[in-house]
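Hi,

Here is the structure I promised to pass on. Have a look at it first, then read my notes below.

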Amino acid sequence: MTPEGVTIKHPDKLFIGGEWVAATSGAEIELVNPFSEEVVGRVAHASNADMDKAVDAAREAFDNGPWPRLSPKERMAKLMQFCDELEKRVPELATAWTAQIGGLATAAGPMHGGAVAGLRGIAALGESFEWTSQRKGQAVDTVVMVREPVGVVAAIAPWNGPFAIMANKVFYSLIAGCTVIMKPSPETPLEAYIIAECAEACGMPAGTVNLVPSDREAADHLVHSTKLDKITFTGSSAAGKHIASVAGSNMTRATFELGGKSAAIIRDDFPTEAAAQILGNTITVMSGQVCAMLSRAIVPKARHDELAEAIAGVMKGVKIGDPNDPETQLGPVAMKRQLDRIEMYIEEGRKSADLVTGGNRPSHMNKGYFIEPTLFANVDNSSRIAQEEIFGPVLCLIPAEDEEDMIRIANDSEYGLNGSVFTNDAQAAYDIARQVRTGVVGQNGMRMEWTAPFGGFKSSGIGREGGEEGLWGYLETKTILTDASVTI
């Protein structure tokens with residue numbers, strides 16, 4: 001069973017070793033539409049035994065299969081065919097996203113089409129990346145540097161951006177010459193099924209790409225496998241820290257893109273209404289369920305009240321409703337437990353800050369996991385709503401004494417994923433960005449550039465995804481010392 005408009009050939013099976021096979025437990029994962037609150041799909045549920053089979057298939061494909069032994073240019077050619085197959089499925093990917101997490105249909109098509117275009121850029125690294133180099137040494141004649149695939153990769157993706165995040169992990173793995181096991185979120189497995197079907201359609205070698213949807217228990221069994229060479233995980237910082245401890249005990253390479261509590265610093269040269277429009281509309285993107293979300297706005301104390309009023313005005317004008325309605329600006333959050341979490345934080349916020357607008361379920365919606373866009377003002381940066389990731393449409397407005405104080409507050413967080421400087425002075429944006437301890441800082445909004453590295457400082461992760469730097473974590477560097485120059 002799959003949502004209308006999404007055709008999956010074998011939703012009741014797993015993809016292991018190039019074949020669609022039944023899950024050993026016979027269990028299923030139910031997919032619930034957050035707008036209708038109805039079950040719209042069911043897929044196979046992998047057990048611990050299935051995880052072992054997938055790891056063994058990927059291990060065999062890496063150790064003895066053809067994929068790691070192809071040249072990077074040969075891998076690139078096959079991955080371009082892979083992209084051609086994915087291109088055909090963009091409408092289904094868009095439909096699946098809206099059906100599973102309530103993402104706006106108006107954004108779904110461009111988002112998934114753009115993601116496939118980004119995959120072509122990853123594939124092109126097969127030609128543009130410097131896979132080998134050599135130079136003269138001091139103690140030896142020639143030093144040859146070779147970048148080789150790290151090996152078997154477990155790719156674990158979250159539910160908010162399930163296709164782009166999983167596909168990026170898969171394509172970086174494959175262009176490097178690795179084999180990969182996809183473990184999607186149990187809330188959003190359909191995208192990984194489409195990836196697996198496209199891998200099959202373009203003739204990827206058996207065991208190169210595997211698919212095992214599951215809950216946390218089986219996923220934990222997967223990351224404990226000593227046959228893995230790398231884990232790439234996107235999700236919460238709490239889960240990432242657990243996986244990091246497991247990976248560390250096994251010396252398994254790992255990349256983590258984790259949570260955030262990103263700050264927007266509003267300088268005095270930036271107009272109030274323009275700031276309000278950006279902040280009030282940004283917090284509704286994907287219902288606030290974005291790791292890089294600008295969820296803290298740090299403002300000069302003298303401008304705090306006028307900014308609060310202006311942002312509240314924008315939020316009150318947001319149209320909440322059916323994610324398939326082209327007029328809708330804010331759809332539901334992805335699941336009941338996420339709604340419960342957001343409401344818990346709103347109740348916490350009421351105790352320590354001023355609730356300016358929102359904070360309730362919309363009165364005109366009698367079903368679905370909806371919450372109004374919510375603004376808290378006069379927020380103490382040490383409070384829970386300022387320090388913990390809420391992952392919903394909740395914005396904290398924090399007053400500061402001056403620019404130095406704004407930078408201090410921005411850095412007073414365990415997270416360091418994203419940030420922004422609202423200013424009309426690009427040099428000032430750069431100078432402040434250099435003082436903010438985050439992996440990305442954009443001028444005037446939640447800016448994204450998929451050809452550039454993305455990742456976090458502190459508890460927001462380890463390593464980078466995107467750009468050439470995104471490939472580094474899937475490679476090992478080998479040094480070969482020779483008595484003369486060689487052909488590479």
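**What turned up**

The buried residues of helix α2 pack against α3 (90-101), α4 (105-123), α5 (125-128), α6 (162-176) and α7 (190-201). Before going on, note that this is a predicted model, where local features need pLDDT of at least 70 and side-chain atom pairs count only at pLDDT 80 or more, while totals for chains, interfaces and linings use all residues. Residues are numbered from 1 along each chain as its sequence is written, and side-chain values use heavy atoms, with hydrogens and water left out.

Helices (H or I, at least four residues) and strands (E, at least two) are DSSP runs numbered from the N terminus. Helix α2 covers residues 72-88, 17 in total, and spans 25 Å from first C-alpha to last, close to the expected 24 Å (1.5 Å times one less than its number of residues). Its buried residues (under 20% relative accessible area; over 50% is exposed, in between is partly exposed; 1.4 Å probe, protein chains only) include Leu79, Phe82 and Leu86.

Now to helix α4, where you'll find alanine 115. Alanine 115 is buried, at 12% relative accessible area. Leaving aside neighbours within four places in sequence, alanine 115 is in contact (heavy atoms within 4.5 Å) with Phe163 and Ala164. Asparagine 360 sits 245 residues from alanine 115 in sequence and 34 Å from it in space, C-alpha to C-alpha.

Last one: serine 295 belongs to strand β13 (residues 294-300). Serine 295 is buried too, with a relative accessible area of 8%. Not counting residues up to four places away in sequence, serine 295 touches Lys261, Ser262, Ile283, Val394, Leu395 and Cys396.

Cheers
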